[in-house]
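Please read the report below with the sequence and the 3D view side by side. It moves from single residues to strands, sheets and cores.

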Amino acid sequence: HYGEIRKMVVSMIPSGLEVNNGNIVWSTTNADVAAVTDGFLTAVGTGSCEITARSADKEAKMSVTVTLPRPEPIDLGLSVKWASANLGAQAPDEVGAYFAWGETSPKAGQYSGKNYKFGEYSNQWTKYNMGGDNFFIGNYPEPDYKETLDADDDAAAVLLGDGWRMPTADELWELKTRCTWKRVMDTIKIKKIGTLGGTEIRLKGYIITSNVPGYEGRSIFLPATGFIGEYFAGSNLVSNVRYTYYWTATMGQALGGGDNRYRGLNIRPVLDQREPAERKILEPEPIKPLTHDAKVDLGLS
């Protein structure tokens, strides 16, 4: 599925021994559909392509077809309907695709400021910039004071259309305060140094059940998915899988924390079918930017 990440394994026939990944050269016939980095295949677009693994004078090929599942809208009695699954996921307990904030496609490999859509550092962000000066690294670009993603920077709106988009921070707060969140834990086998092994309890996700009168009992499941950071290798591919991280369309307001805009987090879309006039009533008035010369009385000394 779209955004899915899989580790590729090559075995010799008839021995069945796994070939050392360091000796394999990977290639794809369409990097806009599926790309391979360090032996990990990432579905970055929809369509079909062929993946080739080559080692010495031997090669193996496989065909890949990537589709984008469409979620079902779940009515919890809130201002918007929440998707039944993450963006890119087929089922509620699947991870789905990872995105940097404001980007509309997943990446094959590293998520860092070096390949971030709006610039490497906060003083270079070309959009969604609050302005300000930094003595050490220079001046910020002209601020635009945008705090909510435009539709063309909203992955859910771009990929799903038809009223789907990323939730705002207010809509996430509504989901928190008008629903019951029940943790679902998972027991897994782990290896321990100096022992034969053990078990560990990790967060699997949350069952979120509506408390709105007339909608009691309706629920969605939000899996714990972690995030993709600056490193892309082996078990470090996804970090902090014990925790639940999700973007909102509001800058700096992610579920689980989202200070680094370039990190890869998941998205749970919402379906907004309100008329524009009705939507304005529910949204707060925009904050007017202050000039550098403005003075504000906070009642302090």
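Cys-179 is buried, because its relative accessible area of 6% lies under the 20% cut-off. This value, like the others here, comes from a predicted model. Cys-49 is buried too, at 7% relative accessibility. How many disulfides does the chain contain? The count comes to zero. A disulfide is a covalent bond between the sulfur atoms of two cysteines.

**Residues in loops**

Some loop residues are worth finding one by one. The table lists where they sit and how much of each is accessible.

| Residue | Loop between | Relative accessible area | State |
|---|---|---|---|
| Tyr-128 | S8 (81–83) and S9 (133–134) | 1% | buried |
| Asp-162 | H1 and S11 | 66% | exposed |
| Thr-168 | S11 (164–165) and H2 (169–177) | 15% | buried |
| Gly-214 | S13 (198–210) and S14 (219–223) | 63% | exposed |

Start with Tyr-128. Its phi is positive, about 60°, although Tyr-128 is not a glycine. Asp-162 is not a glycine either, and its phi is positive at about 55°. Is Tyr-128 buried or exposed? Tyr-128 is buried, with a relative accessible area of 1%. Asp-162, in contrast, is exposed at 66%.

Now turn to Thr-168. Which residues does Thr-168 contact, leaving aside its neighbours within four places in sequence? They are Thr-248, Ala-249 and Thr-250.

Gly-214 gives another link across the sequence. Gly-214 and Gly-77 are 137 residues apart in sequence. In space, their C-alpha atoms are 7.7 Å apart.

**Strands S1, S3 and S4**

Look next at S4. Both of its faces are covered. Phe-40 and Thr-42 are buried on one side, and Leu-41 and Ala-43 are buried on the other.

Strand S4 pairs with strand S1 (residues 5–7) in the antiparallel sense, over three bridges. Within this part of the chain, Lys-7 has Phe-40 of S4 as its bridge partner. Strand S4 also pairs with S3, again antiparallel, and here four bridges are found. The bridge partner of Ala-34 is Ala-43 in S4.

S3 and S4 form a hairpin with two residues between the strands. In this hairpin, Asp-38 takes a positive phi near 55°.

**Two open sheets**

Strands of a sheet pair through backbone hydrogen bonds, either parallel or antiparallel. One open sheet has three strands, in the order S2-S5-S6, and its pairing is antiparallel. Which strands stand at the edges of this sheet? They are strand S2 (25–28) and S6. Each has a single partner strand, so one side of each is left without a neighbour in the sheet. From one strand to the next, the twist averages 20°.

Four bridges join S2 to S5, and these strands run antiparallel. One residue pair to find is Ser-27 with its bridge partner in S5, Thr-52.

A further open sheet has four strands, in the order S7-S8-S15-S11. Its pairing is also antiparallel. The edge strands, strand S7 (73–74) and S11, each pair on one side only. S7 is joined to S8 by two bridges, and the two run antiparallel. Here Pro-73 stands opposite Ala-83 in S8.

**Nonpolar cores**

The largest nonpolar core has 44 residues. Which of its residues touch the most other members? Trp-26, Ile-51, Trp-101 and Met-166 do. Several elements each supply at least two residues of this core: strand S3 (34–37), strand S4 (40–43), strand S5 (47–55), strand S6 (58–66) and helix H1 (155–160). Apart from it lies another core, of 17 residues. Val-80, Trp-82, Leu-175 and Leu-255 are among its members.

**The whole chain**

Finally, step back to the full protein. The chain has 301 residues, and 40% of them count as buried. Its secondary structure comes to three helices and 15 strands. Take the contacts between residues at least 6 apart in sequence: 53% of them join residues at least 24 apart. The chain exposes about 17,400 Å². Carbon and sulfur atoms supply 51% of that area.

Conventions:
Residues numbered from 1 in each chain as written. Predicted model: local features only at pLDDT ≥ 70, side-chain atom pairs only at ≥ 80, totals over all residues. Heavy atoms only, no water. Core = buried A, V, L, I, M, F, W, Y, C linked by side-chain atoms within 4.5 Å. Buried < 20%, exposed > 50% of the residue type's maximum accessible area, 1.4 Å probe, protein only. Contact = heavy atoms within 4.5 Å. Areas by Shrake-Rupley, 256 points an atom, 1.4 Å probe, with all protein chains shown as cover. Pairing = 2+ DSSP bridges. Axes fitted to C-alpha atoms, helices over the stretch in contact; angles between N-to-C directions. Disulfide = S-S within 2.5 Å.
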